[in-house]
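Reader: Hello! I am new to this structure and would love a close look at a single part of it. Could you choose one strand and walk me through its surroundings?

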Amino acid sequence: GPEDIKKYGGMIQRESQRLLFLMNDIIRLSEIEDCAEKVMYPVELCRIASECAELIREKSSSADIKINVSAYENVWISGNEGYIRELMINLIDNAVKYNNSGGWVNVCVSCCNNEAIVSVEDNGIGIPKVSQERIFERFYRVDKSRSKEREGTGLGLSIVKHIAEYHNGTIKLESTLDKGTKITVNFPHLENVNDK
């Protein structure tokens, strides 16, 4: 009857939405990988961190999760702004998604020893040790039952890793189950960019 149609209609819609996200993510990954010719220009991380946090703030406040941004100004890297934005949105969104009500997310941009450092830390559900090695692989998803409520394509962190590598950056994960996760990305710092 109509109830069934509604139920299955909804399921089909959700599935097709998921496939669409999946296809977009796969296309993004292959774009980043195939990019033989890199177009790099000065990108200021503080502004991007603040803007990306703003984009996710609506989602985070409805989940009762606080996003704090502490960012040094004028931390520049040579990069692709669209990709850096994607990296930050992915990291902040994950920190909100895998968190608990009343939790927090700290986004930090700093500079040390010729490196520009972006870290996103949360006090959420954490990642089991056994998964930490594999978390940046494509399609790898931590224990299904824990992440079932929290839909995603399983490509977010592999996209983050590719974007970090694209910018000659490195990525580090620290996580404790039920305590939280911190992901830190280090980029080569771009010196002497005159204020635009």
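Author: Happy to help; we will start with strand 7 and its partners, then visit a few other places. Please keep in mind that this is a predicted model.

Strand 7 covers residues 180–188, and seven of its nine residues are buried, so "mostly covered" is a fair description of the strand. It has strand 5 as one partner and strand 6 as another. Strand 5, residues 115–122, runs antiparallel to strand 7, and eight bridges join the two. To find one of these pairings on your screen, look for valine 118, whose bridge partner in strand 7 is valine 185.

Now turn to strand 6, which spans residues 170–176. It is also antiparallel to strand 7, with seven bridges joining them. Here you can look for serine 175, which has threonine 181 as its bridge partner in strand 7. Strands 6 and 7 form a hairpin, and three residues lie between them. In that turn, aspartate 178 has a positive phi of about 65°.

A useful thing to remember while you look at strands: in a regular strand, side chains alternate between the two faces of the sheet.

Strand 4 makes a good next stop. It runs over residues 104–112 and includes serine 110. Serine 110 has a relative accessible area of 16%, which is under 20%, so this residue counts as buried. Leaving aside residues up to four places away in sequence, serine 110 touches Tyr72, Val75, Glu115, Ala116 and Ile117.

What about the cysteines? A search of the whole structure finds zero disulfides. For cysteine 108, the nearest cysteine sulfur belongs to cysteine 46 and is 10 Å away. Cysteine 108 is partly exposed, with a relative accessible area of 25%. The sulfur of cysteine 111 has its closest cysteine sulfur in cysteine 112, but because the distance is 7.6 Å, the two are too far apart for a bond. Cysteine 111 is partly exposed as well, at a relative accessible area of 31%.

Finally, here is a pair of helices. Helix 1 (residues 2–34) packs against helix 6 (residues 156–166) at an angle of about 20°, and their axes are 10 Å apart. That angle is under 35 degrees, so helix 1 is roughly parallel to helix 6. The crossing of helix 1 past helix 6 is left-handed. On the helix 1 side of the contact you will find Asp25, Arg28, Leu29, Ile32 and Glu33, which meet Ser158, Ile159, His162, Ile163 and Tyr166 in helix 6.

Methods:
Residues are numbered from 1 along each chain as its sequence is written. This is a predicted model: local features need pLDDT of at least 70, side-chain atom pairs count only at pLDDT 80 or more; totals for chains, interfaces and linings use all residues. Side-chain values use heavy atoms; hydrogens and water are left out. Buried means under 20% relative accessible area, exposed over 50%, partly exposed in between (1.4 Å probe, protein chains only). Helices (H or I, at least four residues) and strands (E, at least two) are DSSP runs, numbered from the N terminus. Two strands pair if DSSP finds at least two bridges between them. A disulfide is a pair of cysteine sulfur atoms within 2.5 Å. Axes are lines fitted to C-alpha atoms, for helices over the stretch in contact, and angles run from 0 to 180 degrees between N-to-C directions. Angles under 35 degrees count as roughly parallel, over 145 as roughly antiparallel, 65 to 115 as roughly perpendicular and the rest as oblique. A crossing is left-handed if the near helix is turned anticlockwise from the far one by less than a right angle, and right-handed if clockwise. Contact means heavy atoms within 4.5 Å.
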